[in-house]
Amino acid sequence: MLVITIADVEYVALLSRLELTEDEKIKYTEQLNAMLEYAGMLEELNTDNIQPTAHVLSLKNVFREDQATGHLSQEKALQNAPDADGSFFKVPKIV
Amino acid sequence: MSHYETVIGLEIHVELKTNSKIFCSSSTEFGGEPNTHVCPVCLGLPGVLPVFNKKVLEYAIRVGVAINCKIAEFSKFDRKNYYYPDLPKNYQISQFDLPIAEHGYLDIELDNKVKRIGITRVHMEEDAGKLVHQGNITISNYSLVDYNRTGVPLVEIVSEPDLRSPEEARAYLEKMKAIIQYTGVSDCKMEEGSLRCDANISVRPKGSLVLGTKAEIKNMNSFKALQRALEYEVQRQIETLEDGGKIVQETRTWDDGKGITLSMRSKEQAHDYRYFPDPDLVPMIIDPKWVDEIRAALPELPDQRKSRYEKDYGLSEYDAEVVTSSKYLADYFEDCLTLGYSNAKIVSNWLTGELLRLLNSKGLEINQCLIKPGQLVEMLNMIDKGIISGKMAKMVFEEMFESGSDPEVIVKEKGLIQISDEGSISAVVDQVLEDNPKVVEDFRSGKDNALGFLVGQIMRATKGKANPAMVNKMLRDKLG
C-alpha cells in the first residue's frame, strides 16, 4: 500500500499554501497514513467488475433552466471581503 | 531552408452566450459594474451548491457535433485545484477524464490545399474572475478582483498537435471562430475575451518522430498576435537550439508592444491540479436521440455556405471564402440580395473590397458597421441608374461608413450627382474639342490614346461628374 512520507506532506502543504512546523509535519504524516491504512481495508474486496464511481448517489442529469435572476448587491457582495477598494475585492499583489 | 519542423497545438476557450452562468442564476452580461453580477454560488460562499445550466450542455454538444466530435454518453465534472484570487472557491469546476466530446476534426485551407486538423477534446468549465491592476503595477502592492466573469460558461477546445506553421495555426483559429459563430453559441469576440487562445509550440529536426520540448504561449488577443507570437517563438526556439542551448518547458506570455514572448516562470508551482470528481454535481447521461436532434438542427456551417455561394451565385472560390469567413458578413451579403439587389458578384466585390478595407483600418467587426444592407443596396441602385459613377460611389461609401447616412442624402449634400444629361455633356465635349485641335488631329490620324486625354479634359471641366460612359460614346460619335 501507498505510504505517505514527510516529503509528501511538505509538497501538499506547499500546494495548499500551508506553513507547517516540523512537529506538525510528523504528526500529519502519521495521521494521513492512519487514514490510508483504514481505507486500505477496501483492497480486500474484488472490484474487477465494478465501474469506477463518479458519484456516491445514484442521481444523474440534475439541471436548471437558463434563467438569470437577481444578484447580490455590490455592497452585500463585498460585505465579508477581508479587504475591498471601491467596487473591487482587494487582494495581495499578484503578478 | 530551415531544417526544423514546427509543431503547434491550440487550446481555445469560448464563452457561451447563455443568459445565466453555468452553475448559478447570475447574469453573464459583459461590461457590468464590478461585482454586480454575482451571487453566493459564484462568489464561493460557504454552504452553497452549484446546479448545472442545461443550456450549457446543449451548446457544448452543438459545438462538439459542429466540429465532428463523438459526444460522450457519460460525462461528469471534476475539480481542478489551484490557488489564485480570480477563483474564489480555490478550485475550478472543469472536466478531466470524461469530457463532453472527443475525437473531432476541422478542415483548413491554405494555398488551395485542404488540411484536416484533429480535435482531441471539448470540455465544459466555469470562467474565472478578472484581476485588475490599478496604477503602476511595480509600485502597487495589491490587486483588485471583479468576480462578474466568474462562472460564465466556457468550452475549451483542444486540438491535436497537427499544426505545422503559424499560418496554419491562424487559419485553424479563424475557421474555428467562424464555425462557432455560425452555430450561434458565442459571439466570439477576441477583444472582449469571449474567444481566447493559448498555444503549445515546439520545434524538431525535420524527419524526427519525437516531439521537441514545448513552450505554452499565452496572452495572444488577436489573429495577428497569434501568428506573430508563434513566428517569434519558432525563431527563438531554433536559435536556442542552434546555439547549443536547451528549450525549457515553461509558460510564456506574448508582449504585443515589444513583439516578443517572455517567460512567466515561478508564477505557479508545478502544475499539479489534483483533479477529482466534484461531489456537488451528479453525472450526466446523454441521450443519443438528443444529440441527433441537436445535430439535425445545426445551422448551415461556413463550408456549406461557401459551396452554396459558389454554386448559386457564381462567386469565385476566393470571394466565397472571404464572404463566409464571418457569419455576420455572410448574413449581410444575403440581406443585400434579399432586399432585391440581384447582382451577387457586385455585392460581394463591395463587401470584400471597400467594406473590409474600411473595417480593417478601423479595427471594427462587420456587426459594428454603420452602413445597413438596405443603404448599400440603395447606393448600388444609384450606380446602376447612372446617378453616380463608380468613383463617386467610393466617396459616398466612405461617407456612409463614417456617418451611417443614406446615400441619397450624401449625394445631395456633396453635390455628387453625375451629369447624364446629353445637352450639358455635349456642350462640354464641343468646348474641349475646340480647345484641343492638335489632339483631335492625332486621334484622327490613328493615335487611339489621344481619346484618353480628351476624356480627362472633359472630366476635369465637369469636376468628375460627367457620366464616363456617355462621354466616351459622345466623343467617338463626334470624332467618328
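1. Start with the greasy spot on the surface. In this predicted model, Val56(A), Leu57(A), Leu59(A), Val62(A) and Val51(B) make a nonpolar surface patch of about 450 Å². Both chains put residues into the patch, with Val51(B) coming from chain B.

2. Where does Val56(A) sit in chain A? Val56(A) is in the loop that runs between α2 (22-39) and β1 (63-64) of that chain. Its relative accessibility is 79%, and because exposed means over 50%, Val56(A) counts as exposed.

3. A word on confidence before the sheets. The model scores ipTM 0.90 and pTM 0.83. For chain B, the mean pLDDT is 90, with 97% of its residues at 70 or more. As a general caution, predicted coordinates should not be read in detail where pLDDT is low.

4. Now the nine-stranded sheet of chain B. It is open, its pairing is mixed, and the strand order is β3-β7-β8-β11-β1-β12-β13-β14-β15. Why is one side of β3 (70-71) and of β15 (260-263) left without a neighbour in the sheet? These two strands of chain B stand at the edges and each has a single partner strand, so there is nothing in the sheet on the other side.

5. Look at β13(B) within that sheet, as it shows both kinds of pairing. Strand β12 (residues 195-205) of chain B pairs with β13 (residues 215-220) in the antiparallel sense, over four bridges. One bridge to check there is Ile201(B) with Ala215(B). With β14 (residues 250-255) of chain B, β13(B) pairs in the parallel sense, again over four bridges. Bridge partners here include Glu216(B) with Thr251(B) and Lys218(B) with Thr253(B).

6. The connection is the bit I'd look at twice. What handedness does the β-α-β unit of β13(B), α3 and β14(B) have? The unit, with helix α3 (residues 223-242) of chain B as its helical part, is left-handed.

7. There is also a sheet that spans the two chains. Four strands form an open, antiparallel sheet in the order β2(A)-β3(A)-β10(B)-β9(B). The edges are β2 (84-85) of chain A and β9 (130-132) of chain B, each pairing on one side only. In the order, β3(A) comes next to β10(B), which is where the sheet passes from chain A to chain B.

8. On the chain B side of this sheet, β9(B) and β10 (residues 142-146) pair in the antiparallel sense over three bridges. If you want a residue pair to find on screen, Val132(B) stands opposite Leu144(B) in β10(B).

Notes. Residues are numbered from 1 along each chain as its sequence is written. Chains are lettered from A and ligands numbered from 1 in the order in which they are written. This is a predicted model: local features need pLDDT of at least 70, side-chain atom pairs count only at pLDDT 80 or more; totals for chains, interfaces and linings use all residues. Side-chain values use heavy atoms; hydrogens and water are left out. pLDDT is the predictor's confidence in each residue, from 0 to 100. Patches are made of residues with over 30% relative accessible area and no salt bridge: like charges are joined within 9 Å, nonpolar side chains (Val, Leu, Ile, Met, Phe, Trp, Tyr) within 5 Å. Accessible areas come from the Shrake-Rupley method with a 1.4 Å probe; for residues, only the protein chains shown count as cover. A salt bridge is a side-chain nitrogen of Lys or Arg within 4 Å of a carboxyl oxygen of Asp or Glu. Buried means under 20% relative accessible area, exposed over 50%, partly exposed in between (1.4 Å probe, protein chains only). Two strands pair if DSSP finds at least two bridges between them. A crossover is right-handed if, with the strands pointing away from the viewer, the path from the first strand over the helix to the second runs clockwise.
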